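Here is a short briefing for a first look. It covers how the copies are arranged, how two of them meet, and how one chain is built from domains.

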Amino acid sequence: MKIRHILESQQFRDRASLEGLFKEADEMERLSSSGNPPQIMKARIMATLFYEPSTRTRLSFESAMARLGGSVIGTEAASHFSSAVKGESLPDTIRVVGRYADVIVIRHPQEGSSRTAAGCSSVPVINAGDGAGQHPTQALLDMYTIKRELGRLDNISVAMAGDLLYGRTVHSLTYLLAHYNDIRLTFLSPEQLRIPSNIRQYLKRRGVPFKESTSMEDAAQEADVLYMTRIQKERFASEAEYRKLMGCYVVDRKILNLMKEKSIIMHPLPRVDEISPEVDSDPRAAYFRQAENGLYIRMALLKTILGKRGE
Amino acid sequence: MKIRHILESQQFRDRASLEGLFKEADEMERLSSSGNPPQIMKARIMATLFYEPSTRTRLSFESAMARLGGSVIGTEAASHFSSAVKGESLPDTIRVVGRYADVIVIRHPQEGSSRTAAGCSSVPVINAGDGAGQHPTQALLDMYTIKRELGRLDNISVAMAGDLLYGRTVHSLTYLLAHYNDIRLTFLSPEQLRIPSNIRQYLKRRGVPFKESTSMEDAAQEADVLYMTRIQKERFASEAEYRKLMGCYVVDRKILNLMKEKSIIMHPLPRVDEISPEVDSDPRAAYFRQAENGLYIRMALLKTILGKRGE
Amino acid sequence: MKIRHILESQQFRDRASLEGLFKEADEMERLSSSGNPPQIMKARIMATLFYEPSTRTRLSFESAMARLGGSVIGTEAASHFSSAVKGESLPDTIRVVGRYADVIVIRHPQEGSSRTAAGCSSVPVINAGDGAGQHPTQALLDMYTIKRELGRLDNISVAMAGDLLYGRTVHSLTYLLAHYNDIRLTFLSPEQLRIPSNIRQYLKRRGVPFKESTSMEDAAQEADVLYMTRIQKERFASEAEYRKLMGCYVVDRKILNLMKEKSIIMHPLPRVDEISPEVDSDPRAAYFRQAENGLYIRMALLKTILGKRGE
């Protein structure tokens, strides 16, 4: 598979391209555990341009690059401290940073901004989240996690709960799941945060059965994967509006007891109160393993995009 | 000595464990000066999570890791830009970052936070200051400085001046000094910033003679070590309250003239006006050498905790 | 040429010292393109202390250091998060950071601050811009760009437009151009932002012909180099004052059509609206190549100052 930029999960058009990536990630995990990750990024530089805070995603990318022997330059608060303050356009920033780095990882509040960046970049661009748009590396690590945890991606029932309107991880994941057979989806959300109609239409076109529900209990009993998301405070105009919806879906011991023995709970993190801490010690709590998988997926993606020196 | 986390100075329970560390630090200094520090942290990653600003401590840790060939990921302003903003708990952040890094260095405004972090971390945690709590690596570099400067740690008179209530470096240092013989302590502070009673009681239990005083002149004449601290503006509710106390103890040429020829002035830095610049050129001004010693102590600690790859 | 600190463009007193640097930069460009930049900064550390935002300059220095195999420690927002907040003086910060790093790159809002830093530093200091003062590495990369683009530095007509009062890049560049023969300068600015009188007097002493003008059209027709600068919003007291002057000089297709075939448009970047995007695709638009040249010049400067280990 030849990839230049990583902009949206739809780029991974078939099972073969996904499975090739997962095999590479397995290899990265194996070599990391043995203490000898391949130093294929030596003398290479990654620039991380984060216009929104995101410890997890940024540190995960930076760790992936460092483990492969590469260097990182960047800014953790581009909107506060970069040339953006002086009125520079995103294309200009990208045109310049692309001359300093071999790959650019960008997180930006505006949907479509990573596509804009890719359009004027002389080096590969990786979308690390663009507003309510996409967050493809999250979707890839989510898929990889399901594969590692359940041993399969066909024939699974996935329930997604929380903010399904703005929750871009849910959108990206849905696109990827549609490549597989016998996927059954349940969307759990308050009315104001329903899964967008373009995604519902996409699923219909692809013939993927889904239902919308408000019953956490029903969904928990059925799900092989219970995918929780945070109600994102920063997407609401007022504290009051946010307060009304937070905590609408919570996984606690009661929900856990309804779930199958061979099921998993996932969360892109950070969580606020969607999963109570009592759940953490249950073997079905997969969210911290999920975060670790992000490291291997990102190492695999860096290898896929940048290849070995000289290739 | 087997150490997993570095959380408080009391972990160094005896002279032997301290002296082992100091010997390692000597070796690090020797190898650094020769331009060949051992590259034992190759392919290792340190995460620095700073929820409070601290150029000195952060850069010192990062330099220690880099000199040993390791990489650094992190945030210099975790409370502004990290997932904490989105409501993530410290344990969750640690659980995730521990999967990206081989060691976590944390500075946090809340006392006890580094212990909380260690309690849920899969990798070693180093406390780089937790509120009014501890700052153990500072205490270790302080002890190391006294040893290097005076050639001994027994039989010394130490005067500590300034903010002895919130000044955590003073607390940590006092615990470590109590391991040695013939230590005589003098505490110089305004009434509102007295050394806490739990430390006074500890000294009594250990039979370490100390006195509280307000006379800088007396203390200066007696001291082998005059340890100055900053009145910390950020600990006061109002500017007015701070103004009343700042500048209550100042080392200037007059004080310097009262001091013994074989004595030293120390300061954890940053200083504001506790030591006037005219003192800097005096050979007894040890505070910049003290800062440099921090580098060697932190290199030694990293080696102690992480060992060589494969050990 | 023996250089310790890089503080102002006047340090490069003659053509020979400039041309030696440019030759080194050519070599850096050649080795970078071949994927094998010399790893001469291995085990060396650069500290970047940025008291003002500057993505471009900081990332360019960090990339230069990383490409040469060195490490970087630093802060992208020193005035928000460093010890400066606690009231530490710049000399104290430098004295300490100089013990953690092998070279310090500083950007500071106050004119003369890099000289202050150099005065108390135990390691080389590079001025990355000090207020309305100097920005010598920008001037060097500007000269290098003219040399690469036009093939010569003698016998050229240079028009500089925009904020010539606060625009330090223009000041530094003017000093360097004066080393060459048959230089003809045109200064285009609103009355409030005229080139300072000390620079005009300097040019008169050196016998460099210059004129002041307000006609962009005339300047465009004559110039071998049209050097645009941004009206710097952050130098104005009010938005209204800024609004009056922004956009006073703009390069668009109309201006481009007046320019010689063998001429170039330069800009230190970031641009706001001084050059319209339609100009970007013209071969005479040299500003992004100019930014890239900064990388090679900074690599060359690091080699010049720090030399190889053991030299």
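Contact here means heavy atoms within 4.5 Å. By that rule, domain 1 of chain A touches domain 2 of chain A through 30 residues on its own side and 27 residues on the other. The model is predicted. The points below start with the copies, move to the interface of chain B and chain C, and end inside chain A.

**How the copies are related**

- A turn of 120° with a shift of 0.0 Å along the axis lays chain B on chain A, with an RMSD of 0.0 Å. That is how a three-fold axis relates copies.
- Only 12% of the interface residues of chain B are also interface residues in chain A, so these copies meet through different surfaces.
- Chain B can also be laid on chain C, with an RMSD of 0.0 Å, by a turn of 120° and a shift of 0.0 Å along the axis. Here too the copies use different surfaces, as 10% of the contact residues of chain B recur in chain C.

**Where chain B meets chain C: extent**

- Chain B gives 29 residues to the contact, and chain C gives 24 residues.
- Together the two chains bury about 2500 Å². Carbon and sulfur atoms account for 56% of that area.
- Which residues of chain B lose the most area to chain C? They are Arg67(B), Glu76(B) and Phe288(B), together 23% of what that side buries.

**Where chain B meets chain C: pairs and elements**

- The rule finds five salt bridges across this interface.
- Arg67(B) forms a salt bridge with Asp102(C). Their closest N and O atoms are 3.6 Å apart.
- Seven residue pairs are in polar contact across the interface, both residues at pLDDT 80 or more.
- Three elements of chain B give two or more residues to the side that touches chain C: helix 2 (55-67), helix 3 (78-81) and helix 12 (287-306).
- Helix 2 of chain B supplies the largest share of that side, nine residues.
- By class, the side of chain B that touches chain C has eleven nonpolar, six polar and twelve charged residues.

**Inside chain A: two domains**

- Chain A is divided into domain 1 (9-133 + 294-306) and domain 2 (136-291).
- How far apart do the C-alpha centres of domain 1 of chain A and domain 2 of chain A lie? The distance is 25 Å.
- The area buried between the two domains of chain A is about 2400 Å². Of this, 56% comes from carbon and sulfur atoms.

**Inside chain A: pairs and elements**

- Two salt bridges are counted between domain 1 of chain A and domain 2 of chain A.
- Arg15(A) and Asp154(A) meet through their side chains in a salt bridge, at 2.7 Å from N to O.
- Nine residue pairs are in polar contact between the domains of chain A, both residues at pLDDT 80 or more.
- On the side of domain 1 of chain A that touches domain 2 of chain A, at least two residues each come from helix 1 (15-33), helix 2 (55-67), strand 4 (125-130) and helix 12 (287-306) of chain A.
- Helix 1 of chain A gives the largest share of that side, eight residues.
- That side of domain 1 of chain A divides into twelve nonpolar, seven polar and eleven charged residues.

Note on methods:
Residues are numbered from 1 along each chain as its sequence is written. Chains are lettered from A and ligands numbered from 1 in the order in which they are written. This is a predicted model: local features need pLDDT of at least 70, side-chain atom pairs count only at pLDDT 80 or more; totals for chains, interfaces and linings use all residues. Side-chain values use heavy atoms; hydrogens and water are left out. Copies are superposed by least squares on the C-alpha atoms of residues with pLDDT of at least 70 in both. Buried area is the accessible area (1.4 Å probe) that two parts lose on being put together, summed over both. A salt bridge is a side-chain nitrogen of Lys or Arg within 4 Å of a carboxyl oxygen of Asp or Glu. A polar contact is a pair of N or O atoms within 3.5 Å; within protein, one must be able to donate a hydrogen and the other to accept it, and residues adjacent in sequence count only if both atoms are side-chain atoms. Helices (H or I, at least four residues) and strands (E, at least two) are DSSP runs, numbered from the N terminus. Ala, Val, Leu, Ile, Met, Phe, Trp, Tyr, Cys and Pro count as nonpolar, Asp, Glu, Lys and Arg as charged, and the others, Gly among them, as polar. Domain bounds come from an automatic or database domain assignment.
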